[in-house]
Each structure stands twice: as C-alpha cells, then as structure tokens.
Amino acid sequence: MPAHPDTGLIGRDEETTRLRELLARSRGGHGSGVLVEGEAGIGKTALVEALTAEAAAAGTRVLRCRGVRGAGTGFAGLHELLHPVLDRLDALPPRQREALRVVFGAAEGTAPDRLLLSLAALGLLEEAAQDGPLLLLVEDLHWLDRSTAEVLTFLPQRLRDLPVLLLATSRGGPGHDAGRSFPEVLALEPLGAADAATLVDTRTPGLPVQRRRVVLREALGNPLALTELATAHARTDRGGGARIPMSRRLEETFLEEVEELPEPTRRALLVVAAGEDASRQEVFEALGGLGLSARDLDPAERARLVRGTGDRFEFRHPLVGSALYDAAGTVERTAAHGALAAVTRHPARRAMHRASAAVGWDPGAAAELAAVAQTAARQGAGAEAAAAWRRAAALTPDRDARARHLTAAAEAARRAGESVQAGALLAEARAVTSPALRGTVRRAARTDWVLGMTADHRGRSTSELVALAAGEPDARDRLEVLVWAATRCHVLQEPPPVRAAVHAALRDAPPLPGSALRDVGLALVVPGTRLDRDVVDRFRAEAPDVDGLLLNALAFSAEEAGDLATAELCWTTGVDLHHATARTSDEVVALCGRSTPRAGLGDLTGALTDAEQAYRLGLDLDLPVVAAMAATVTARARAWRGERDRARRALDDARAQPGAAGFARVAASTAWAAGVVALLDGRHADALADLARTTVNGPVALWAGADLAEPAARTGHPELVEEWARTASTVAATAGSAHLALLVERSRALAARDDDAGGHYEAALELGHRAGAGAGFDLARTQLHHGEWLRRGRRITEAREQLSAALRGFEAHGVLPLADRARQELRAAGAAVVVPAGGQEEAVRSLTPQELLVVRLAAQGLSNKEIADQVYLSHRTVGSHLSHAFAKLQVTRRSQLAGALGPHLAG
C-alpha cells in the first residue's frame with residue numbers, strides 16, 4: 001500500500017481516517033479522548049504528529065506535554081500542558097482556581113484532592129475552548145508523572161460537550177491500564193508484508209536484495225525498526241542478529257550509530273539523556289562543567305540523533321536516550337548528573353540530579369530530597385513525595401532520620417492510594433525506628449491504622465495499639481491511640497477479650513477536660529451504646545483535630561444503637577469538615593453514609609440527593625464500594641417514591657461495581673433494596689427471600705428487618721419475624737430508641753393473630769409519636785397497617801382516622817405507592833378521596849438529581865461558581881443544569897426557585 005497522500009504514512013490509512021473523524025467531531029463541539037497504543041517504534045509519534053499538523057493548519061489550538069523517563073516532579077506534565085492557558089485561571093470558581101495555584105507552586109494552601117484538581121483542569125480547558133477548538137497532545141503517557149497522569153485520565157470521558165480532543169500515546173503493556181479512561185483506543189499493529197516492503201524501498205531504495213530480506217525478517221513490521229535497520233545495513237556490512245525483543249534490538253542499532261561518533265560527542269549526548277527535562281541552557285552549562293561545549297553535540301545533530309526543539313533537546317526517538325543512559329557506566333552517569341545538579345535551577349530537579357550523582361551516604365542530598373518531598377506533599381503529589389522521601393532515606397546515614405523519612409514516605413504513599421507500597425514502607429520504617437522516637441512511632445502507627453481500616457493491610461494489631469498507648473507520656477496522645485484501637489474493635493468486630501482490654505484501658509485513662517474522645521472510644525468498643533447529645537456535640541467540636549474515620553465509626557455506631565438522628569448529625573459533620581479541608585474522598589464516604597439515616601428518617605429527597613452525588617463522585621474517584629452503597633440507597637428511595645424503573649436501574653448499578661459485592665454491608669444493603677422493590681411490586685415471596693439475605697451484616701439487618709414483617713405475614717411465615725424482633729427490641733431497650741421500638745411493635749402486630757395485633761399497633765403508635773418527626777415515615781406506615789386492620793375488623797370510623805393520617809404522612813414524604821394504597825383503603829372504607837393534581841410536584845420530580853441539587857443551592861442565593869465548588873462540577877456545567885431546570889420548572893428567575901421547589905427546598 002502506498003503512503004497516504006496527505007501524511008506520507010505507509011499502512012496507516014485506517015488509523016489516520018479515524019483520528020481525522022474524531023478531530024472533526026471535536027471541532028463541532030463533540031469532544032473525546034483517544035489513546036494510541038503500541039510498542040516502541042510502531043509509529044505512534046508519526047501518526048499523532050501528522051494529525052497535530054493538520055489540526056494546527058485548520059486553526060485548532062494545540063496544547064501538549066510529554067512524559068520523561070524517570071520523571072519525579074509532581075504535576076510537571078500538567079503545568080507544561082496548561083501553562084499556555086493559565087491566563088484564564090481567574091475565571092474558575094475559587095476552590096478550583098486555588099487548587100491549580102497550589103499544585104503549580106503559585107500559592108500556599110491545603111493539598112487539593114484529585115477530583116477538585118481534575119475539575120479545575122477541566123474548567124480551565126472549558127474556558128480556553130471558548131476561543132476555539134483545542135487539541136491536547138500527551139506524548140508518552142506511560143512516562144508522565146503519576147500526579148499529572150491521574151488528572152489527565154479523568155478528562156477523556158468528560159469532553160463530549162466541548163470542542164476538545166485529547167490525544168495521548170503510550171506503549172501500554174503490563175501495569176499500564178490508562179486505556180480504561182479513554183472512550184477510544186487505537187492499538188497500532190505491525191505493518192503487513194507489503195507495507196513493510198514499501199517502507200524499506202522508500203527509505204533505502206538501493207538496498208541489496210539479500211540485505212533487504214534480512215531487514216524485513218528482523219524488523220517484524222515495526223516501522224522504526226524497518227527504517228533504522230535498513231539504514232544500518234546500508235551503512236555497514238552487518239549480518240542478521242538473534243531474535244531479541246524489538247526495543248532492545250533498536251537500542252543496539254542506535255548504540256552502534258552512537259559508537260561511530262567522537263568520544264566528546266558521546267559524553268555530551270549522555271548529559272542530554274540524563275537531563276531530558278533540562279533546558280538547552282542548562283545542558284550547555286553542564287557540558288561546560290565537564291570540559292565539553294555545545295559544539296560537541298554538532299556531530300550528533302548532523303547524524304540526526306538529537307535536535308533542538310524549542311528550549312530543549314530531543315532525541316530522534318526516546319529509545320536513543322534510554323539506550324545511551326543504560327549503556328553508560330556508573331561513573332559516567334554520576335558525572336553527568338553531578339554536572340546537571342550544579343547548574344539546574346529548579347529545586348526539585350536539582351535535588352534529583354544530586355541524588356542520582358550520589359555514591360553511598362549523602363546527608364546533604366538527602367536533606368534536599370526531603371525538602372522536595374515536603375513540597376510535593378503540600379501540593380498533593382503523593383506518589384512523587386513518597387518516592388523522594390524513600391530515596392532520601394536511602395541516602396541518610398542517621399538511623400533516626402531514615403526512620404522519619406520512611407514513615408513520611410509511607411503516609412504519602414497511602415494518601416496517593418498506593419496501599420501496597422505504603423505497607424512495604426511501614427515495614428521498612430518499623431525495622432529502623434527506635435522506641436525512643438515516640439512521635440515517629442505514633443505517626444507510623446496512625447498510617448498503619450488508617451491503612452488497616454481502608455485497605456487489605458495487616459499492620460499493628462489492636463492489642464499492639466493498646467500496648468503503644470500505655471507507653472505514651474502525653475494524655476491526649478495516649479487517648480487518641482486507644483480510640484484508634486476502639487475503632488478497630490468496631491470495624492473489624494474484634495473478639496471479646498480484645499474488646500475487654502481496650503475497654504479497660506479507656507476506662508482507666510483520665511478524661512481530658514472538654515474532650516469527648518474517651519466517651520467515643522467506649523461507645524465504639526461496646527456495641528449499641530447510645531451517646532448523650534452533649535458528648536456528640538463536644539466530639540463534633542474536636543472533629544477537625546481527629547481523623548475522619550472516627551466520625552464514620554461513630555456514625556455507624558449510632559445507627560447500630562437505633563439513633564438515626566445522631567448518625568445523620570455525625571455524617572453531616574463529616575461532610576462539612578471534609579469539604580472545608582478538600583478531602584473529597586472522605587466527603588464522598590460521608591455523603592454516602594448520610595444517605596442511609598436520611599432514608600431511614602423518611603427524608604427521601606435528601607437521601608436521594610446525597611446518594612446520587614456520592615454515586616457520581618464515587619465513580620469519579622474510583623471508589624466502587626462507596627458507589628455501590630450509594631446506588632443501593634438510591635434504589636430504595638426511588639422505590640418508595642414509586643419510581644420502580646429507576647430503582648431497578650440503581651440496583652443494576654450497585655451490582656455492577658467491581659468487587660463491591662464482597663463487602664457484607666454492600667451485599668446486605670443490595671438485598672434490602674431488592675426486597676423493598678419486590679415488596680412494592682407485590683412479589684412477597686421474593687421480598688422475603690431478599691430481606692432474609694440482609695443478615696450478612698448486623699447493622700443493616702437491624703433496620704431492614706422492619707420490612708420483613710409484611711411479606712412474612714403475606715406468605716404465611718409470621719414466625720420469621722420474631723428472631724429479628726428479639727434482637728431489635730434488645731437494642732431498642734439498651735439504647736432507649738423509640739423509633740426502633742416502634743418498628744418492633746409494628747412488626748409484631750403484622751405477624752400476630754388478629755386478636756393480639758391491636759395492642760402492638762397501639763404501642764407502636766404511641767412510640768411513633770414519642771420518637772418525633774424523624775419517625776414520621778414509619779409512623780405513617782404503621783397508621784396504614786393499623787387502618788387496614790381496623791377496616792377488616794369493620795371499625796370503619798377508626799380506620800378512616802388512621803388511614804387519613806397515613807395518607808397525609810405519605811404525601812408529605814413523597815411516598816406515592818403507599819399514598820395510593822392509603823387512598824384505596826379510604827375508598828373501601830367509604831371515604832371520599834381527592835387525588836391531588838400533579839402540577840409542580842411532577843415538575844420537581846422530573847429534575848435529575850444534579851439539577852435538583854443545583855437549583856436548591858441556587859435558591860439559597862449561591863452563584864454558579866459557588867455552586868460549582870460545592871458540588872464538584874464546572875461552573876459552565878452548573879449553568880447548563882440551571883438552564884434545563886428553569887425550563888422544567890417553568891421559571892425565569894432565581895428568585896422564583898424557592899416557590900417552585902416548595903417542600904423539596906430543604907435537604
């Protein structure tokens with residue numbers, strides 16, 4: 001096949017056509033992302049450069065960045081990509097704007113969460129795209145710094161409404177799964193025999209037939225190999241080589257070409273290879289430090305091994321640089337890095353070159369690297385911070401300093417999501433940490449504890465934490481370590497002897513004035529303990545100084561104690577705290593957690609708002625367990641609202657999350673949602689089977705069991721209710737939960753014989769009124785069942801009273817299926833029932849979850865940018881949601897939103 005007439009590329013017509021289609025679609029406002037994958041030399045660069053030239057000629061602005069082998073500077077690639085459009089920074093919402101300023105070192109502040117930073121990058125591109133279409137070219141994604149790669153792989157799926165195409169290249173292979181983030185992946189295959197022959201004949205037309213045959217056999221269709229091997233055969237009288245990996249084969253070919261150059265040129269090229277991210281001026285100065293000059297690069301430039309592009313040098317192919325560097329001896333590499341360290345102006349790159357030049361211990365280089373690590377950690381580049389601290393530890397002769405560096409590296413790796421690496425670093429740190437370094441030991445123990453709560457990591461046991469606390473001289477430090485141990489007891493369901501040891505240590509620890517930590521720890525150790533409100537309030541005041549895991553555990557503990565109001569309060573504290581400190585992952589967990597008690601309290605709109613947002617953000621942050629949990633709450637709330645198709649889709653979403661089903665709480669919550677859907681469908685046997693599966697998680701089963709009674713009674717198995725009722729009544733009595741006691745009495749009424757049901761219903765109603773507004777939904781359900789029982793007993797007047805109260809409750813909570821059921825029962829009881837017109841209620845229900853969330857905040861007076869910062873969207877996306885919501889609600893001004901939303905304004 002001849003070369004493509006426009007690009008000169010041989011054998012790439014199909015790929016060229018597809019990339020042109022994607023570019024044309026992006027110019028029309030339908031952006032996307034495409035990853036071009038293939039082995040070294042397969043033609044990735046040639047293909048994307050051809051497209052880039054076409055895009056630029058057509059008026060598309062090109063922004064680009066390139067991965068550098070061994071890159072260790074956090075967000076270097078992101079800065080390179082976005083630097084040309086940073087003049088649009090002021091147009092972003094405040095938190096997003098500050099996130100970019102912090103990671104680029106332009107401002108001090110809290111290290112931004114990955115999602116917030118990714119949204120900021122997306123928002124900046126949205127602003128830049130207002131002037132015209134953009135092509136984002138990311139070369140060698142596999143070598144890009146980890147922090148940049150995390151941001152850039154967030155973008156491809158979110159460009160569909162923008163005139164932006166993200167085009168990236170990568171070698172792929174094991175450990176590189178970036179393709180999952182791109183809507184499209186183009187895998188470049190070797191050229192066919194005819195195309196390979198055409199390429200050889202085009203590049204080296206006079207090559208003898210025998211050598212041509214050898215080249216075609218050795219190159220295996222790799223375009224770079226075909227070119228370089230053919231050139232090498234034309235230049236030398238060489239024979240065929242052994243079958244070795246293509247990249248190594250090409251490196252050997254490049255090295256043979258390098259060996260023909262003068263010795264000073266080879267040394268100069270090594271400096272370029274060691275400093276791929278260095279400027280031309282830095283390279284020239286480093287050459288001077290080695291007794292070389294810029295002229296020594298001339299032979300390499302004439303041989304087209306290297307060229308100057310912009311402010312840097314660039315090899316003909318990255319394999320030239322890697323071959324040069326890997327083939328050099330230790331002394332030569334050390335000298336090159338030392339020369340670069342002496343002239344490099346950027347602190348991080350200078351420190352890395354100095355570290356690479358170090359032989360043996362080098363405390364000075366270690367100190368520089370530790371400073372670089374601290375800066376990277378402040379900017380949120382956890383992976384790069386961990387690498388820098390680990391290298392600093394390797395250069396540090398002082399054992400205590402080494403322990404501190406390794407401990408800091410472990411925490412940075414944990415924050416970066418590298419749980420396996422964090423565990424390995426903790427083991428290294430523990431091996432060199434002296435017990436006398438109390439602060440270092442405690443910091444390592446904290447990382448160990450968090451890792452054990454959030455990943456498959458076995459570090460310090462609960463008993464070891466108790467022992468560690470005993471040696472803490474500071475009372476608050478001792479108490480904090482004991483609360484960590486208590487959290488492990490709660491989350492990991494430690495056996496009674498371990499719980500007893502933790503309980504005794506907490507009981508004997510002197511309370512801190514004004515602190516609730518001791519009470520919280522005791523509550524976590526003893527299941528079902530109900531905390532006084534003043535303890536909860538004191539703990540909430542301390543929350544900024546403690547880990548979010550404690551808030552989570554306390555919220556779960558409150559749910560287990562039958563105290564949904566306290567659980568919601570704890571989750572809300574977490575939502576507010578984590579949002580203020582830009583810990584988005586923790587905020588998403590808290591949003592998901594809050595959706596459960598909100599649903600239990602009958603706030604279906606609030607539960608849906610939290611659950612839908614947690615699901616969206618859980619997907620964005622790759623938190624499948626959180627996303628699955630959120631989807632189960634969505635399914636349950638939608639089912640109660642009568643939106644059964646949406647409920648089933650949410651159930652499918654929950655079941656689709658990878659690995660989530662293995663978590664007992666997720667499995668139980670999924671079964672609960674499926675049971676509610678079946679119950680409202682009238683499939684009572686299915687509901688019974690589903691709800692029976694909630695027992696895999698006690699806290700979920702405690703509340704889900706209340707839905708068991710009706711299908712059990714309808715299928716003739718009322719005896720199944722009593723086992724749950726005994727457990728729930730014990731918890732209700734211990735914790736003093738009127739709400740949970742209401743559910744027990746209602747369930748016993750449904751399961752009882754008609755003669756015995758009345759007393760249980762009356763007790764349930766009394767408890768419902770005592771429990772207050774939070775039990776309104778369950779009180780309405782009780783009134784419905786009681787009204788049905790009264791009507792069957794021909795106590796019509798009393799039945800109407802109960803059914804009317806139930807109807808009012810269901811309408812207030814938006815529970816349409818049960819509202820319809822209450823109306824049917826009222827008609828059967830001879831009452832005249834008026835069905836309310838849909839009107840505004842239907843309009844509000846037509847809003848998507850994001851639209852409802854956005855219009856609520858707009859009704860409270862927030863601007864688009866303030867809303868964007870609140871809900872993790874770009875401000876232009878917020879504007880789009882508002883526009884759609886205005887049309888659905890038939891309003892034209894923000895001042896009309898509060899009236900249009902009515903009771904849905906809160907949440």
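These legends go with close-up views of aromatic rings in a predicted model.

**View 1. Phe284 and Phe313 meet edge-to-face.** Welcome to one of the five aromatic pairs that the structure holds. The ring centres of Phe284 and Phe313 lie 5.7 Å apart, with 75° between the planes. Phe284 belongs to helix α12 (residues 280-289) and Phe313 to strand β7 (residues 312-315), so this contact ties together parts that are 29 residues apart in sequence. The two partners can also be looked at for their exposure: Phe284 is partly exposed, at a relative accessible area of 30%, whereas Phe313 is buried, at 6%.

**View 2. Phe556 and Trp571 form an edge-to-face pair.** Here the planes stand at 80° and the centres are 5.1 Å apart. The angle explains the label, because planes over 60 degrees apart count as edge-to-face. Helix α27 (residues 548-560) supplies Phe556 and helix α28 (residues 564-580) supplies Trp571, so the pair links parts that are 15 residues apart in sequence. Phe556 is partly exposed at 25% relative accessibility, while Trp571, at 1%, is buried.

**View 3. The charged end of Arg333 sits over the ring of Tyr325.** Let us turn from ring pairs to a charge and a ring. From the centre of the Tyr325 ring, the charged end of Arg333 is 5.2 Å away.

**View 4. Arg636 lies over the face of Trp672.** In this view, look for Arg636 at 3.6 Å from the ring centre of Trp672.

Terms used:
Residues numbered from 1 in each chain as written. Predicted model: local features only at pLDDT ≥ 70, side-chain atom pairs only at ≥ 80, totals over all residues. Heavy atoms only, no water. Phe/Tyr/Trp six-rings, centres within 6.5 Å; stacked < 30°, edge-to-face > 60°. Helix = DSSP H or I, 4+ residues; strand = E, 2+ residues; numbered from the N terminus. Buried < 20%, exposed > 50% of the residue type's maximum accessible area, 1.4 Å probe, protein only. Lys NZ or Arg CZ within 6 Å of the ring centre and 35° of its normal.
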